[in-house]
Structures are given as C-alpha cells and as structure tokens.
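Trainee: I should like to go through this structure term by term. Kindly set each description against its definition.

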Amino acid sequence: MRKLFFILCLGCCYSSAVYCNDDIDDVIHYAVANKLHESDYWRALLHYKSVSQSTPYSWESEISTPAFFISEAGKTEPLSELLATIRAIYSEPLENHNAHAQCLFVARYQWLKKNIQWRTKPPLVNCKKYKEYSSNGHVDSVSVIFATGFLGNPASYYGHILIKLNNKRDYNASGLLDQVMNYGAVVPDNENGIVYVVKGLFGGYDSVFSHEKFYRNNHIYVENELRDMWEYKLDLTEDEVEQIVAHSWELLGKHFVYYFSRENCAYRMGELLELVVNEPLYSRHAPWSLPADVFERLIKIKKADAPLVKEVKWIPSRQSSFYRKYQLLNEKQKSIVGLLANKLEFEADAYSKATAKDKAIAIDTLFDYFEYRMTLEKHNTTLKNKKLRLIRERFLISEKGGVESSQALQPAPPHAGPVSSMLRYGVYTNSLLGTGISLRGRPAYFDALSLDEGRMPNSTLTMMDIELALLNDELTVKRFDLVNVETLNVSQTGLPGDGGSVWRMNIGFANQNLGCVRCEVFKAEGGIGRAVKLFSGNTMLYAMAELGAQTEHEDSGTVAWASHIGLIGHLQAAWKSRLIIGYKEYVNGTQTGNNIVKWENRFGISRNWDIRLSYEKNLESEFYFGAGFYW
Amino acid sequence: MKHFKKYLMLLALVIALPATAQAAGKSAYTQCGIGAMLFENDATLAVVSNVIWDSGTTALTSAAASEDTCKGSAASAALYIHETYSNLEEETAKGEGQHVVAVLNIMGCESQSHANIIGSIRNEFAKSVSDASFAEKSTSMKAKVYSDIVQNKVTTQYAAQCQVI
C-alpha cells in the first residue's frame, strides 16, 4: 500500500505542475489514512460491487464505460480511482473547462470537499455544461415518477421509473420543462422479439442513463402509450438534492449491463436514490427488481418522523383524462358529447342551443376522446379530420371550459394496489385423485381477483407463477406460467371506440386436465374477445375465442380452439368472484372436446393477505381452499 | 434512432411534395435536431428528419435529436412545439393551458403578458386552422405553422415582453 501511495504521488508531480506540492500530498495522505476509498459512499458513487465475499474483498464497478474511470485500474481498484480523482481535481483546466474532472465528476468532487480539509483549494473551473444541466442551481426538489405498465412491450409490463429534477422557478409550474433522468436498455432497431426477450433476460444488452425534458416523457407515456404517471415528490434537503443532481450528471451516457429481471430501471434508480435515502429501495436478495416495489418502499420511509414522500400527484393518460372529464360532466353535457362523438352535427338543437360554457366543456372532453381513439386507431384518418373540425369549432367559442383539477376523481395510487410477490398455501380435493396440499408462488404481479386499486381492474399480469402439489406423498409441479397476461378493457362511457376489447396470452405448462398427475403439457395460448360493463363498479361480462398450441398427451392433439364466457365482479367489498364457462376441442387429435367450468373467489381487502376458494371442472372436478400472503 | 432510415424515406416522400417551398430565411424549426445536422440547407428534409423521434418505451436509443443540437430559445421552442403539437392546438383553441404557457416560458415571455400573447396567437392560429388546406398538412407542418406564429409574435408585437435569445 505504501509503495502504491508513493508511485501515485509521483504521478501527481508529473501531471499537475502548479499544484504539485506538499498540500496535494497532504490531501492524498489524508484520503489514504482515513480510508476514504473504503467508504460506502465512494463505492456507491463508483458503483462498485463486491466480487469476492472472502477477505480481502475485491471490487468491480458495474459501469462498463472506460471514460467513467480516471485511473486505468479504476474499474477494480477503489483506492487507485480515489487518488486519480484527487489528482485530476487539482489539475489545471485546459481550454475546455467542461472536460475537467471537477465538471465531469461533480458528485465525487462535492463529496471530497466535504470529507477532506484542503489547505490549498483546487483551481476554479467553470462547469458551464453542468450548470445548464442543473438549471444553474435552480433544482430544488426531486420527484420519482412511476409510469404504469405498458402491455405493448414486455420490458414495460411492470412499469417504469424516471427521476425528475424539479426546477423551483415559478415559470415552470407545470414541470413540463424539468429535467428527467431515464434508464433503459440500448436495443438495436428491428430486434427480433425472441432475441429481445432472451438477451434482455441474460445480459445481452447494454443499458444507459439519459436525460430529457419532462414534456417528452409526458408525450411518450401519457399521449402515445396511454399510461398514467404518478409523481412521488421527495422531502430532501438542499444538499441531498444537489447530490442526486450531481451524480445523475456523472451517470449520463455511462453503460451498464442490462438484465430485465433485476439490474433494470428499478435497480439503478433505486441505487441513485440510495445516495441520500439511507434505506434499501430494492431487494438485496430477490433475483428480481420491480418498479412498484421501489415506490412501496419509498412511501414507508420516514425522515425525522415525517414521510419521505411529501406529495403524490397523478398525471393521467389521455384515456384516463377523458374518463375523468366524462365523469365530471352533467347529463346535458354528456348528451352533447354523445351526439358529437357519433356525428359532428353542430347544427343539431342539442348542441346549437346549448350554452357556450356547455359547448366548451363538451368539446374539451372530446379532444381527449379523439386523441385517445387516434392513439389506438392510428390509421383512422376520419378521427383526425373530426378532431380538426372540433378545433375549428372551439375557436369560435371564447368561453373557457374550466380547468378541473387533475386530482379530481383521482384513482388509487400504485402503492395502494396489490403487493407484487405472493406465496399461497392451500388444500384441494379432487374427485378422482383425492386430497392434496398445494404451494403456489410468484414474484409478480397480480391476477384477475387481486385488489383493483392501482391497476387495470380485473386484468391479470403474472410471471414465473408456479404451483407445487403434494398428493399421495408425491410432489409434482401442477402448473407453471412463464407469463400470463389478460386484459379486460371494458368501455367506461359507451361511446364508439371506447374499450370493450379483451385479450389474453399464456405461456407455460400445466397438467393436461384435472384427471391425471404427471401429465404436464407445454402450451402457448392466446385469445381475443369483447366485454361489457354490468351494473355499476367494475363488474363485467365478457366472451373470448382462443387458439392454443401444446405438446401432445395421449394423442390429445397439439392444436386446440376454445371459447369461454366470463363474469367477474364484487359480490361484497371483501368478496370478489369470477365465473368462467367454456369449451375446448382439439383440431388434430382423437380426444373429444370437453366443457370447462371455473368459479374462483377472493375474500379479504388486505394488501398483505387474502383467502381463495375455488371450484373447477375439467373432466374431473376439484375444490380448492388457500391462504395467500403478499410482500 | 428507431427505424430511422425507413421513416426518413417514407416521410420524405409524403411530406416533401406538399411542402415544396419553405421560407428562404432560416426557420428555428429547421435549425434544431438531427434535421439541422443532416440537412442544413434543405428545410423540408430537416423538418422531416426532425419528425423522427424515437417513440421508445423502456428501451432507449441514442439521444441524437436532443436539445444539445438546438441552441437558443427559438430552437428549443420549435422542438417543444413539434413534440407537443396536439396539446398546443387544443389549448390554443381553448385559450389557456399549461403547454401554451410553457412555450412562452421557453421564449422568455413575462407571465403578466401571457394572457395577451396567448390571445394574439389564438387569433392568428384560428385563421390558419380555418384555411381549407390546413387539413391536408402533416402534423409536423402544422407544428411549423404554429411555431412560426409564436416566433413572429414574440419577436415583433411582444418583443418587449419576451427576451428572446
């Protein structure tokens, strides 16, 4: 160590002529003597992870961009990087000040300033680019944004995290011009879907931090992908905000290896926030990281007895904004919206005789309606023309429509929704096989009967869902869903083009039917259909046609079609139920078709537990009783 | 940039025909983004290429078309207008909204003058929208019309209230 110290100091003398003096040696000596390179904060700034659990520990940074390290050995040697950083901070700035270490590694410099008493101050450097990025010090708070799940991309099923640097200046009240940090995989154009999944799961992609103005994220998520966003504003000190801003700057453009399941946006954004939040924001043990879990943890953290999250704000998607505005309409306004949504007859009495205020409110609601439909029906040019006619009509009305608070009729936030990981113990009795016990678990996320808060009601999104059964002293895998997605998108307004479609996709394996054990078949199934809303609330009736492929079992055939109708809703606040009646037949096998009946029930309204009771008939019949626990 | 080449070719074909004559003077709309980098002397193609934004989700691609390539408030406003055109169109018709306010903030306009400037933009934009040919324009060209109106207002009628860089 001493030898290394002298070598590094010698290097210092060559590299920084002006500051090559005893003061720099003192600084380096102080840093080494106080083992700053062993500090948790230094390791966090450099993203070092232990690669050896035995003493002495060895370290390696998870960042793969060479430019992130000043020392050639910096990726694996925290001390070497620390000393190189000190030397670089003392080096004379060249013509381009932005390339100086004080500007490139602002968080490191800020931390060293706090932890080292220097007799000679490092040279003054004008970090113009950093000042621009940090809005010249006008960032006064940090928000963590949750973009709800997007079923158009498997990597986005579980939502996404952004970090927003809030500019305190009055003119940016909407936050649209705030700087936002993003993190994601770098995926080549036109990547094959299977390659995408495999490489995403097994570290085949690099990932990178980037930044952009919030209006762009707002456009992509809220407008293009119809995803609600939730802004969690943190109660941080000025110094803590500065640390986040500074380190986020250091991370821009730096590459990591991307793993869809764990080292993803939740993991990296959690790491960044942990610089100032002294509690883990992602699981250190689980092989997965979920965006929702970060918010689940954030909302529970207290700082000096006050919640770390001081405000939760809903940013509705176009679709949600339309629903909210529609719900706020009176009957007269609804009739105008209904009229114009079907046909733009401005001369009709219901519209022409309405007050300017009612006209304005109705048209403002229809703006959201048409934009929502245009997003779903990209090639429908009629909608575009109708929107333009509405715009022209709106220009004729000087009346303000009234700006409703975006928080009116706000749905439950994500942290009030289902908790992602589940383990369920149960007992079942089969009409042919007898009585057994079952254990079912999944890392994520929710099924049709889960709590409806903070998600699309009645839908299913589960991954790696496995059920083990112990029957007659024999342990078997009863079912395994690699992925199971089902969306029941019921119309909220009854207007043309609003919802009503349902679809599902399931890949995994399961027993062929309820009349056998060790009769697993691999299967991939998909279905589409329609749904209608019944009564009030989220009760719905739907019908679906399905097609599936599977491995063969006793000449069953490998391709099957099926159809079913389903009814799902709450019978009581604490009792949600789903009834499915269907029929399945193989196209290319010798087995005859059979009826399938399934009645599932959930009891309880807790986020941490529930009781499940079900009956299923698929050749044989089976009753099930289970208790589920969520964390 | 996602599907860059494919979209570039298609959009060039679609948009280049109706947009044959751009103003001889440089529009801020063609001075930012990769459009300006690639097609500095061809306003049409510059606008076209500015259309090509990655619509990415969790995955990211390069941030070539960022404000790093757009200097000045006029260029920043042009980028912003392109991205948020549908919101701006609606809010201008309504006469209020956070997206419209944000444009004026980018242009450095005093908040006390916002109502007047928005009213003035509204009057001007209403004329453009009512023109029969407006329906035939692509979204990017509609955004350019809007951008030009805004910049005209803040550099002439409301120059004193807007410290345009």
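Trainee: What makes A:Val532, A:Leu541, A:Ile565, A:Leu567, A:Leu579, A:Ile581 and A:Trp599 a nonpolar patch on the surface?

Mentor: A patch is made of residues with over 30% relative accessible area and no salt bridge (a side-chain nitrogen of Lys or Arg within 4 Å of a carboxyl oxygen of Asp or Glu), with nonpolar side chains (Val, Leu, Ile, Met, Phe, Trp, Tyr) joined within 5 Å and like charges within 9 Å. These seven form such a patch in the predicted model, with about 580 Å² of accessible area together. Areas come from the Shrake-Rupley method with a 1.4 Å probe, and for residues only the protein chains shown count as cover.

Trainee: Which strands of chain A each supply at least two residues of the nonpolar patch?

Mentor: They are S20 (559-572) and S21 (575-586), while A:Val532 is found in S18 (residues 520-533) of chain A. Strands (E, at least two residues) and helices (H or I, at least four) are DSSP runs, numbered from the N terminus.

Mentor: On numbering and scope, residues are numbered from 1 along each chain as its sequence is written, and chains are lettered from A and ligands numbered from 1 in the order in which they are written. This is a predicted model in which local features need pLDDT of at least 70 and side-chain atom pairs count only at pLDDT 80 or more, whereas totals for chains, interfaces and linings use all residues; side-chain values use heavy atoms, without hydrogens and water.

Trainee: What makes A:Asn472 notable in its phi value?

Mentor: Its phi is near 50 degrees, a positive value in a residue other than glycine. A:Asn472 is placed in the loop between strands S15 (460-471) and S16 (474-489) of chain A.

Trainee: Which peptide bond is cis?

Mentor: The bond from A:Ala444 to A:Tyr445 is cis, with omega near 15 degrees. A:Tyr445 lies in strand S14 (residues 444-446) of chain A.
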